[in-house]
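Let's look at how two parts of one protein meet. Have the structure open beside you as you read.

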Amino acid sequence: MTTVQLRPPKNRVSPRAVWLWTVTDAIEGAVTVGGITLTAWAVDTARWGWLPDWLVDRIWWVPVAVACYSVVKLVVAPRWRYRVYRWEVTADVVYTRKGWISRTWQLVPITRLQTVDHTQGWLERLFDLATVEIQTASHAGSSTIKGLPEAQARQLSEELAARAGQLRSDAT
């Protein structure tokens, strides 16, 4: 019996994906900190009686702590994601790896592909990036490659759809 070792996929996403993820995290952080700040203001102003006094007296620490976390996440997460996130298409498999602490290695056989979607959100359009979503009949078998240059994502989705159609017609 031969031993096959799982190796990292060869391709990285576009370096522009770091900026996309940074902007996305900044928007998410601003909305979260803003909502928590409004809540802290409401608690501080109304002095809600059902909350313990020690919590009301220190309520402003909550938005400060969340803001600090958001800044760390903003600086670390996109760069770490870029270092980890990889993809590759071989003759018969679409292969992806993602995850920070827990890594997910996913191999999707091209013969199992049902749909290949090329999507581009408004922020992705600003950075000329796109996402390729590969779906099989099984939810667990589906995969997503985010942060590809738009032209490469379009070409990849067309190529995968054509190859899946050829392989499926050869199998009948």
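Between domain 1 and domain 2, three residue pairs are in polar contact, both residues at pLDDT 80 or more. A polar contact is a pair of N or O atoms within 3.5 Å; within protein, one must be able to donate a hydrogen and the other to accept it, and residues adjacent in sequence count only if both atoms are side-chain atoms. This is a predicted model, where local features need pLDDT of at least 70, side-chain atom pairs count only at pLDDT 80 or more, and totals for chains, interfaces and linings use all residues. Residues are numbered from 1 along each chain as its sequence is written, and side-chain values use heavy atoms, leaving out hydrogens and water.

Which helices bring domain 1 to the contact? Both α1 (16-46) and α3 (61-84) supply at least two residues each to the side that touches domain 2; helices are DSSP runs (H or I, at least four residues), numbered from the N terminus. The largest share, eight residues, comes from α1.

Here are the two domains, with bounds from an automatic or database domain assignment, and their residues in contact (heavy atoms within 4.5 Å).

| Domain | Bounds | Residues in the contact |
|---|---|---|
| domain 1 | residues 13-82 | 13 residues |
| domain 2 | residues 86-167 | eleven residues |

The C-alpha centres of these domains lie 32 Å apart. About 1100 Å² is buried between domain 1 and domain 2, with 74% of this area from carbon and sulfur atoms. Buried area is the accessible area (1.4 Å probe) that two parts lose on being put together, summed over both. Val13, Arg16 and Leu20 supply 47% of what domain 1 buries against domain 2, more than any other three residues.
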